[in-house]
Amino acid sequence: MIEHLEQMMEISATRMENNTSSCFLMERKTHVKVNRKEVMLAKLRKSCSCTPQKLKTFFMDFFPVLRWLPKYKCKEYIWGDVMSGLVIGIILVPQAIAYSLLAGLKPIYSLYTSFFANIIYFLMGTSRHVSVGIFSLISLLVGQVVDRELLLAGFDLNDDAPAASGDVPLQNDNLKWLMTSRGKVLMGIFRLGFVSMYLSESVLDGFATGASLTILTAQVKYLIGIKIPRSQGHGMLVITWINIFRNISQANLCDVITSTICIVVLVTAKELGDRYKHKLKFPLPTELVVIVVATLVSHYGKLNEVYASSVSGAIPTGFIPPKVPEFNLMLRVALDALPLAIVSFVFTVSLSEMFAKKYAYTIRANQEMFAVGFCNIIPSFFHSFATSAALAKTLVKTSTGCQTQISGVISAMVVLLVLLFLAPLFYSLQKCVLACIIIVSLRGALRKFRDVPARYHVNKVDTLVWVVTMSASALISTEIGLLVGIVFSMLCIIFRTQRPRTALLGQIQDTTFYEDDLEYENLSTVPKVKIFRFEAPLYYANRNYFLKSLYRLTNLDPNVEAARRKKYEKKEKQHLKKGNHRTANGLGIRETTLQLVPKQIDFQALVVDCSSISFLDTTGVNTLKEILKDYKNLNISVLLACCNPSVIDSLKRGGYFGKDFGCMQEMLFYSIHNAVLFAKDQKLPADCSV
């Protein structure tokens with residue numbers, strides 16, 4: 001009796017301790033919840049608060065120049081920055097005038113663009129070496145919109161000098177650059193810098209090459225001095241070449257001779273510069289020399305008056321008063337602004353990251369969005385057009401000793417000197433000379449055709465993406481070509497995950513490693529074990545391909561085999577009910593039983609190599625559960641090997657290992673060899689309810 005009372009007292013004491021601990025745990029959980037709530041509120045207050053320190057950090061981040069300029073090492077950096085700034089400024093002037101042909105605007109607007117872009121990027125950019133300003137591809141996209149606006153305004157594109165009437169569509173284009181920049185700024189605010197990841201190298205190279213063909217085609221009429229309308233819409237390249245051949249008899253002999261001489265000089269100088277660049281301290285200013293000489297020859301030879309050679313015309317000095325764009329035209333240009341925003345941002349970030357990696361510093365992609373965006377917002381009120389980073393000028397910048405964006409300020413000062421004093425001197429400059437400068441600058445993009453065999457050898461799918469993007473950009477239009485390239489690239493990725501490589505593996509002799517028996521020789525087949533590899537994520541889109549490949553390589557469809565067995569079992573029962581000990585095939589019961597075991601089933605375990613399966617969705621988990629159940633009905637074990645933590649977590653949540661994960665150790669292995677050893681030792685598949 002006493003012992004019984006002692007036991008009762010112990011039980012009650014234990015219950016009291018449990019209740020006390022339960023209350024303590026409940027209080028602790030409540031305390032934790034309160035703490036989490038307080039932490040979230042504290043973070044919210046901190047993020048919404050406005051303190052002097054936060055304002056200082058905001059301005060320092062928004063204007064990176066405030067961080068690096070006070071630390072500027074004048075004695076170490078100033079010479080390289082001044083030299084590179086002068087060289088880029090000298091290159092910018094002829095390029096700005098030349099690219100005005102692509103944009104269909106007056107040369108003065110290109111100079112405005114170059115000036116403002118360098119100043120604003122100096123204040124807001126995070127790259128030390130990138131040269132931001134006019135870019136051939138961007139100028140081409142700008143020119144297509146200008147031509148469209150001229151047509152809508154009732155002007156005839158047969159006019160060889162549309163820049164004279166370029167002020168008509170300029171308000172629309174200023175609004176377009178404003179829309180472009182707003183898009184970039186919004187992308188920066190919402191941290192959408194990752195968008196650039198979806199433009200692969202093949203897409204960008206194909207787009208640049210296709211656009212280069214379009215640029216080349218647009219300049220041919222200036223090379224030979226014929227007057228043909230600038231084609232609009234899809235198929236511009238083909239239509240332009242048809243018009244060129246129709247009007248080839250009207251070619252201006254003076255322009256043809258001038259173009260031939262200029263191209264020979266420019267190409268020769270470029271080739272010599274590339275060959276001896278290690279001996280040259282800075283690149284030869286060939287474009288500037290050609291422009292100066294050509295202008296002098298045209299002026300004193302009176303080529304415009306005597307031979308009717310087309311010239312640049314009057315270029316005003318100073319700055320035009322700022323003007324607000326017409327916002328009622330916003331919807332009209334919004335669609336045109338999208339490809340401009342994407343292309344300019346992607347090229348700028350790509351170049352920034354490339355040179356940051358080369359010179360061991362970091363850039364901020366979202367801040368680059370802000371920088372390039374404001375390089376378009378502010379200049380849009382001063383009759384400038386869209387800007388972007390340019391590879392050729394950036395390479396020149398680094399090769400001439402650039403250390404910081406101080407070089408951009410020096411380049412802007414050179415452009416400012418031309419804007420204020422020297423611009424009228426280029427009145428007699430022939431347009432064919434500008435066209436030659438543009439065409440020779442396309443050498444790098446056109447040389448991509450030589451890389452096609454090497455690209456094909458490395459990756460056939462990437463080569464196909466390049467060809468499709470290039471063809472669409474050249475033959476349809478640049479904007480549609482970029483869209484086609486992005487969509488086709490994504491479709492290729494989807495297709496490659498839908499129909500990935502699959503293989504049965506064999507063991508490398510005297511090792512614990514397993515490889516594809518079709519790719520390697522002298523591999524040993526593991527008796528009674530099939531090892532299947534699937535080289536892609538397993539999700540809803542490739543589920544059927546996974547099952548078909550598995551059944552084909554193992555030469556066994558468990559569903560078909562199970563149906564066949566049920567059919568024979570049904571017939572056997574019917575004959576037994578009739579008292580006939582012979583089956584429908586004339587065989588005895590034992591013979592029938594032997595026949596029910598198919599000869600093609602030469603394995604008792606299936607090992608699935610999951611090393612290439614990066615993730616599983618719900619359909620993928622259900623597919624693995626399905627094959628586990630189907631093969632179990634045939635007394636075949638299914639073992640998973642080399643699963644990553646994400647896949648294991650999906651399998652656990654999907655109930656693949658049962659309710660309490662009791663069979664997990666018998667179904668999941670960290671290597672193929674461990675799974676094979678386990679399969680050799682076992683006799684029957686693990687009995688786990690899924």
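**Note on the predicted model**

1. Tyr631 lies in helix 25, and in this predicted model the residue is buried, with a relative accessible area of 0%. Leaving aside neighbours within four places in sequence, Tyr631 is in contact with Leu550, Tyr551, Thr554, Leu556, Pro558, Phe603, Leu606, Ile636 and Val638. A further pair to look at is Tyr631 and Asp557, which stand 74 residues apart in sequence and 9.1 Å apart in space, taken from C-alpha to C-alpha.

2. Two of the contacts of Tyr631, Phe603 and Val638, lead on to the neighbouring strands. Strand 7 (residues 603-609) pairs with strand 8 in the parallel sense over five bridges, and between these two strands the chain passes through helix 25 (residues 618-632) in a β-α-β crossover that is right-handed. Asp609 stands opposite Ala641 in strand 8.

3. Strand 8 (residues 637-641) is largely enclosed by the rest of the structure, because five of its five residues are buried. Ser637, Leu639 and Ala641 point one way from the strand, while Val638 and Leu640 point the other way, and all are buried. In a regular strand the side chains alternate between the two faces of the sheet. Strand 8 also pairs in the parallel sense with strand 9 (residues 668-669), over two bridges, and here Leu640 stands opposite Leu668.

4. Strand 6 (residues 528-534) is mostly covered, since six of its seven residues are buried. Six bridges join strand 6 to strand 7, and these two run parallel, with Lys528 opposite Phe603. Strand 3 (residues 502-508), by contrast, pairs with strand 6 in the antiparallel sense over three bridges, and the bridge partner of Thr502 in strand 6 is Phe534.

5. The structure holds 14 salt bridges, and Asp205 deserves a separate check. Asp205 forms a salt bridge with Arg455, the closest N and O atoms being 3.3 Å apart; because Asp205 lies in helix 8 and Arg455 in helix 19, the pair ties together parts that are 250 residues apart in sequence. Both Asp205 and Arg455 are buried. Asp205 also forms a salt bridge with Lys448, where the closest N and O atoms are 3.9 Å apart, against a cut-off of 4 Å. This second pair links helix 8 (residues 201-224) with the loop between helix 18 (443-446) and helix 19 (452-458), at a separation of 243 residues. Lys448 is partly exposed, with a relative accessible area of 25%, whereas the value for Asp205 is 13%.

6. Asp61 and Arg67 meet through their side chains in a salt bridge of 2.8 Å, N to O. Asp61 counts as partly exposed at 28% relative accessibility, and Arg67 counts as partly exposed at 37%. Elsewhere, Arg501, Asp516, Glu519 and Glu535 are linked in a network of salt bridges.

7. On the surface, Phe319, Leu417, Leu420, Phe421, Leu422 and Leu425 make a nonpolar patch of about 560 Å². Leu422, which has its place in helix 16 (residues 406-422), is partly exposed, with a relative accessible area of 33%.

8. For the chain as a whole, there are 28 helices and nine strands, and buried residues make up 48% of the 690 residues. Among contacts between residues at least 6 apart in sequence, 81% join residues at least 24 apart. The protein chain exposes about 36100 Å², of which carbon and sulfur atoms supply 63%.

Definitions and conventions:
Residues numbered from 1 in each chain as written. Predicted model: local features only at pLDDT ≥ 70, side-chain atom pairs only at ≥ 80, totals over all residues. Heavy atoms only, no water. Helix = DSSP H or I, 4+ residues; strand = E, 2+ residues; numbered from the N terminus. Buried < 20%, exposed > 50% of the residue type's maximum accessible area, 1.4 Å probe, protein only. Contact = heavy atoms within 4.5 Å. Areas by Shrake-Rupley, 256 points an atom, 1.4 Å probe, with all protein chains shown as cover. Patch = residues over 30% accessible without salt bridge, like charges linked within 9 Å, V, L, I, M, F, W, Y side chains within 5 Å. Pairing = 2+ DSSP bridges. Right-handed = clockwise from strand over helix to strand, strands pointing away.
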